[in-house]
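Okay, thanks everyone, let me pull this one up on the screen. I'll talk through a few things and you can follow along.

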Amino acid sequence: MEDIHTSRDSAHIPPACGHLLHSKCFKEMLNNGLYRCPICNKSLVNMKDEWERIDRERNKWQLPPQFRNFMVKVQCSDCHEESQTQYHFVGLKCVKCGSYNTARSGSEEIPGLDDNNDIHSDDSDDESELETDEEEEESENTGEEGEEE
């Protein structure tokens with residue numbers, strides 16, 4: 001990498017953070033879907049449309065019961081605030097500025113994971129219901145085979 005201060009290439013200064021980037025590198029980053037400053041991780045461009053798209057995607061998915069009230073601590077790279085937000089596998093939204101440019105900063109244990117990080121359900125009714133569905137399907141298949149013979 002060439003030093004930005006002695007480079008003959010033009011420089012770009014993103015308004016969000018003010019760090020100097022080579023214009024060529026900045027354009028290449030955007031073309032490759034990289035929208036965060038490599039120095040401070042702030043969003044380099046207006047991400048409002050992307051955050052709204054993620055909001056819509058999150059709203060499509062109903063969380064399993066063990067996650068519905070599960071809160072995690074996040075650090076936002078855009079507003080530099082730490083906050084508690086609802087866990088969602090699609091993304092963790094900063095409650096202060098609405099950004100998804102966040103990282104978990106707490107050590108909360110994710111509910112429903114066993115020692116091997118495999119998901120399990122504490123609700124025994126779900127398991128018995130699954131077994132019942134499988135048993136019904138097996139009975140239907142057995143009945144169909146009997147009719148064909």
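Let me start with a question for the cysteine people: why is the sulfur of cysteine 37 not in a bond with the closest cysteine sulfur? Keep in mind that we're looking at a predicted model. The closest cysteine sulfur to that of cysteine 37 sits in cysteine 17, and at 3.8 Å it is too far away for a bond. For a disulfide we'd want the two sulfurs within 2.5 Å. So the count of disulfides in this structure is 0. The two cysteines also sit in different classes of exposure: cysteine 37 is buried, with a relative accessible area of 0%, while cysteine 17 is partly exposed, at 23%.

Okay, zooming out. The protein has 3 helices and 5 strands, and if you walk along the sequence you get β-β-α-α-β-β-β-α. Of its 149 residues, 25% are buried. And if you take the contacts with a separation of 6 or more, 37% of them are between residues 24 or more positions apart.

Now the sheet. Which order do its strands come in? It's β4-β3-β5, an open sheet of 3 strands with antiparallel pairing. As a reminder, strands of a sheet pair through backbone hydrogen bonds. At the edges you have β4, residues 82-86, and β5, residues 102-104; each has a single partner strand, so one side of each has no neighbour in the sheet. From one strand to the next, the twist averages 45°. If you want to look at one pairing, take β3, residues 71-76, against β4: that's antiparallel, over 5 bridges. Find lysine 73 there, and opposite you'll see glutamine 84 in β4.

Last stop, helix α2, which is residues 48-60. That's 13 residues, and from first C-alpha to last it reaches 19 Å, close to the 18 Å you'd expect at 1.5 Å a residue. Which residues of α2 are buried? Those are Trp51, Ile54 and Arg58. They cover an arc of only 60° around the axis, so they end up on the same side of α2. And what covers them? Part of that cover is β4, the edge strand we just looked at. Spin the helix round to the face turned away from the buried side, and you'll find the exposed residues Asp49, Arg56, Asn59 and Lys60.

That's what I've got, thanks for listening.

Terms used
Residues numbered from 1 in each chain as written. Predicted model: local features only at pLDDT ≥ 70, side-chain atom pairs only at ≥ 80, totals over all residues. Heavy atoms only, no water. Pairing = 2+ DSSP bridges. Helix = DSSP H or I, 4+ residues; strand = E, 2+ residues; numbered from the N terminus. Axes fitted to C-alpha atoms, helices over the stretch in contact; angles between N-to-C directions. Expected span 1.5 Å × (residues − 1). Buried < 20%, exposed > 50% of the residue type's maximum accessible area, 1.4 Å probe, protein only. Arc of directions from axis to C-beta. Contact = heavy atoms within 4.5 Å.
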